[in-house]
Amino acid sequence: MSENLADLEREITELGDRIAALRSTHATYPDDAAGTAEAALAELGFAEQLLRDCGERLVSEAEASAPRRPANDDERVVLRSVFNELSVPVVLLDHEGYIRRINNIGAERLGSTGGYLTGKPFSIFVDLRRRAAMRSWLAAVLRGGEPASFDSRLARRGWAEDVHLTLSRLNVATEANPLVLVVMSPSLSSSDDEGPAPLESEVEDQVVVLAARRLDVLTRMTRLLLSSAGPGGAGEPLALDDAAALLADSYADWVLVDVCDLPTDATRARRAVVAGPRGEGRRKLVEALDPLDSEIPRDVLTSGQSMLCQLIEDEGMLGLDPDGVPVLSALGAGSLLSVPLRGSRGVRGALTLIRRSNRGSFRLADLGLIEEIGEHIGLALPPRPTA
């Protein structure tokens, strides 16, 4: 009985989260109303069925699971081989949306290897603005059993690609929960909203070129901070504004600088600088956010530890706008890193960089570079009073 109630509460909570995500997506991208509405109708169908089952699930005991039939090892090997060599991209998900298995061409489509992708939530490879709809379709297929077919967009390793996804539920005798088979095919209708063109070409993905770019950024930043630290320098505001602008121009799409009014006191942090694309209307939204009201940079400020999100799983980690829309979704974010600004007396602030989904993800080498730059900026900040 208690398990039934727990399952019911979990399904209701998940339904509420998906509905809230759809509402936020619709508010942010009203032009995508048709796709969002289809997903919303699927959620309504799920809610109707959930209500029909409430009475039965609250009063019935859990039925003993049916005995599982052992699968023939030889047949299993053949099926795995056939699955891997299919000429269309195919992904097998568990009932929570995590990748259980992916074939070779599917792994290529997501820009990685099957070993790396296995165990990752499939949703993180979907563009943020399409992610809520995809989750709702997945829940509808698992619940109702009927296949779903819809347009979506993948975003991975510096590109965004429109695709058509077909989801089908699989009931396997050896599995306690149903699985979902996802087939990725070319989109039936191309989208005009491609976003800004990627700034990294295939040539620039070479190790030597990337290393040269990182060295150039570090050199320019060092010169900037040295010039602002001298007697003729303009002080902290100029250093922070110019440093953020340099990074936004050459290394990221959005740069946020948060500083602590008192050394090592993260409870007095404030957003000092926001740098982003020119003419971008969301700048004021990001500037108005309290850095302590979001997971990032709050955790960086309080712990003094850097954070790297090569693939963003939680759209709300940078906070929500007044309408409840995740800021990262509104910015079209695909990758994020945040490092402490460490001065001689401890953490003085946090430096957060964001790249859109059609640019290459931040890597560990990028994190090391920005950590060094963050230390330079922290040391260049003028001392604050201790009380």
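**A tour from the whole chain to helix H10 and Glu 315**

Show the surface first: the accessible surface of the protein comes to about 19500 Å², and carbon and sulfur atoms account for 53% of that area. Keep in mind that this is a predicted model.

Switch to a cartoon view. The protein has 12 helices and 10 strands. Of its 387 residues, 44% are buried. Now consider contacts between residues at least 6 apart in sequence: 60% of them join residues at least 24 apart.

Next, select residues 295-303, which form helix H10. Which residues of H10 are buried? They are Ile 296, Pro 297, Val 300 and Leu 301. These residues lie on the same side of H10, because they cover an arc of only 125° around the axis.

Add the strands that the buried residues of H10 pack against. Select E6 (254-260), E7 (269-275), E8 (307-309), E9 (333-343) and E10 (346-356).

Move along the chain to the residue that follows H10. Gly 304 is found there, with a positive phi near 75°.

Finally, select Glu 315, in the loop between E8 and helix H11 (327-331). Is Glu 315 buried or exposed? Its relative accessibility is 13%, so Glu 315 counts as buried, the cut-off for buried being under 20%.

To see what surrounds Glu 315, leave out residues up to four places away in sequence and show the ones it touches. Leu 128, Arg 131 and Arg 135 are among them. Pro 326, Val 327 and Leu 328 also touch Glu 315.

Key. Residues numbered from 1 in each chain as written. Predicted model: local features only at pLDDT ≥ 70, side-chain atom pairs only at ≥ 80, totals over all residues. Heavy atoms only, no water. Buried < 20%, exposed > 50% of the residue type's maximum accessible area, 1.4 Å probe, protein only. Helix = DSSP H or I, 4+ residues; strand = E, 2+ residues; numbered from the N terminus. Arc of directions from axis to C-beta. Contact = heavy atoms within 4.5 Å. Areas by Shrake-Rupley, 256 points an atom, 1.4 Å probe, with all protein chains shown as cover.
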